[in-house]
Amino acid sequence: MLNYFFKKLKKFVLFILILLVLMILSLIGNFYTSFKFSKKYTEPSNVFEFVENNKEENKAEEIYFTEENKKYLEDKNIWAIRIDKNGQVVESFKKPHEVKNKFEISDVVRFTRYYLNDYPVFTFVVDDGVLVLAYPKNSLDKFPFNYYSYDLAKINIFILLVSILLFSILVYVFYVYEVKSIFKKLNPLQEAINNVFDEDFKGLEEEGELKEISKTINEANEKFINLKKSQASWLRGISHDIRTPLTKISWEMEGIKNKENFDEVKRIENQVIKISRIIEDLNLTNSLENLSDKHFECKDPISVIRKLIVNSLNENPNKEIIFENKINKEIKIKMDNHLFYRMLENILNNSIKYGEGKIYINYEILYDSLLISITNEGSPIDYSVIKRLNEENLSDVQRHGMGLFVSKQICNLHKGRMKIENYDQAVSVSFIFDLK
C-alpha cells in the first residue's frame, strides 16, 4: 500500500517539475521577445543624435532633413517635423495630411506628453524651436513618464495566455489520467469487497502497487468460506448428535405412556418436538445465508397463499382464518414457492398457536408495493423478541423468535421487508415487496 502512495508521490513531484520547466521556458520566451522587439524600433534619442549630427548648416538657416537624414528616417519608418518658436512648421519629412502646420503652445505641451493625431511622438529642443520625431501608429505606447513597445506588450500577453492555457490543459490531463488510473485499480477492489462474502467470489490478481490489499481481500474471503464450512459442519454434527437421543426419548415415551401419566408424557413429547423444530430451523437458517435468488422465478404468490390457508384449515378446523384478497389482477414477483410458503407458514403457525381469536390474512397493493399481512387477535409480542429479531440475536428462541427470524431471512432473500406491529389486542406481521 505504501509503495502505491510513494509511486503517486513521485508522479506528483514529476508533474511539479514539468510545470517549473514550462514556467522557465515561458520566462525565457518573454526575455527573448523583449530583446527582439526592443531592436525593432530605434530609441528616439539615438534617432535625434543621428539627425543632429548630419544636419546642414549655412548662414541663412539650418537644414535638418538632409538626404542622408531622410533616408535614415525612412529606413526607421519615422516621419518628422521641425517647429519654430512661433509654432509654425518650417521643415518636415513625410508629414501626414491630418497633422496641421501651425501649433499653439498648448498643442506642443499636449503631444510632448502624449500623442499627436494618435502617433507616438518624441520632442527635442533645437536652436530655433522643437524637432518632433513620430513613430507609426500602434507601434509604441506612451506614458507621461515612459514608453514601451506596443507589439512587445501584445506578444507578452499572448505568451502569458498561452502559458496559462497550456498549464491548465496539462493539469487537467494529468488529473484525468490519475483519476482514471486510480479508479481503474480501485474499482476491482471495491467490487471484490462488496462480494467478499459471496460463494461466487472471484479472487483478485495479487500484483501491482495494490497487491497487498488484493492479498488481504482474498485471504478474508478464504477465511470466511472456511468459517462457513466449519459452521455448517458443526451444525450438522450437533443436529445429528441431538436427533439420535431425541428419537430414542420419543420411542421410550410411547412405551411408558398410560392413562395416569398421559399428560406428563405428552408435555415431554411436545418439548422434544419443539427441540427438533429448533434444530431444523437452525439448519435452515444456515442454508439460507448461502442461498441466492438466481434460481427464483417470476410468479404470482396467490397460489402459495391459498395452498397455505387450505392446509392450515384442514389441520386446525377449529380456527377461524379470514382471507381478504383486494387484488383482482395477476401480480408477479421473483420468488421460490417452497421458501415463500415456509415464510408465511411460520407466521401463520405462530398465530394459530398463540392467537386467541380470529386470524386475518390480507393481500393488497399499497403504494406500488405488494402487502401480505397476517394479523391475529390476542396478546402482543414481547418487545424483547422484536428487538432480538432486529438485532438477529438467536438467543432465547423458545417462543416466536426462531420462526420469525427464518421468515425474515426468507423475506430479505426475496428483496422484501418484514414488519411487526403490536396493537392493544392483536399482532400483525407484514411482508412488503416493491413492484416497481
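**Notes on the predicted model**

1. A good place to start is the open sheet of five strands, ordered E11-E13-E14-E16-E15 with mixed pairing. Its edges are strand E11 (321-325) and strand E15 (416-423), each of which pairs on one side only. From one strand to the next, the twist averages 15°. Please keep in mind that this is a predicted model.

2. Within that sheet, have a look at strand E13 (residues 359-365) and strand E14 (residues 369-377): the two run antiparallel and are joined by seven bridges. One residue pair to pick out is isoleucine 365 with leucine 370, its bridge partner in E14. As general background, strands of a sheet pair through backbone hydrogen bonds, either parallel or antiparallel.

3. Next, the surface. Leu14, Ile16, Leu17, Ile18, Leu20 and Met23 make up a nonpolar patch there, and together they have about 520 Å² of accessible area. One of these residues, leucine 17, sits in helix H1 (residues 2-38). Leucine 17 counts as partly exposed because its relative accessibility is 46%, between the 20% and 50% cut-offs.

4. On to the cysteines. How many disulfides does the count give? The count comes to zero disulfides, where a pair of cysteine sulfur atoms would have to lie within 2.5 Å.

5. Two cysteines are worth a look for their surroundings. Is cysteine 411 buried or exposed? Cysteine 411 is buried, because its relative accessible area is 0% and buried means under 20%. Cysteine 298, with a relative accessible area of 53%, is exposed, since the cut-off for exposed is over 50%.

How values were computed. Residues are numbered from 1 along each chain as its sequence is written. This is a predicted model: local features need pLDDT of at least 70, side-chain atom pairs count only at pLDDT 80 or more; totals for chains, interfaces and linings use all residues. Side-chain values use heavy atoms; hydrogens and water are left out. Buried means under 20% relative accessible area, exposed over 50%, partly exposed in between (1.4 Å probe, protein chains only). Patches are made of residues with over 30% relative accessible area and no salt bridge: like charges are joined within 9 Å, nonpolar side chains (Val, Leu, Ile, Met, Phe, Trp, Tyr) within 5 Å. Accessible areas come from the Shrake-Rupley method with a 1.4 Å probe; for residues, only the protein chains shown count as cover. A salt bridge is a side-chain nitrogen of Lys or Arg within 4 Å of a carboxyl oxygen of Asp or Glu. Helices (H or I, at least four residues) and strands (E, at least two) are DSSP runs, numbered from the N terminus. Two strands pair if DSSP finds at least two bridges between them. Axes are lines fitted to C-alpha atoms, for helices over the stretch in contact, and angles run from 0 to 180 degrees between N-to-C directions.
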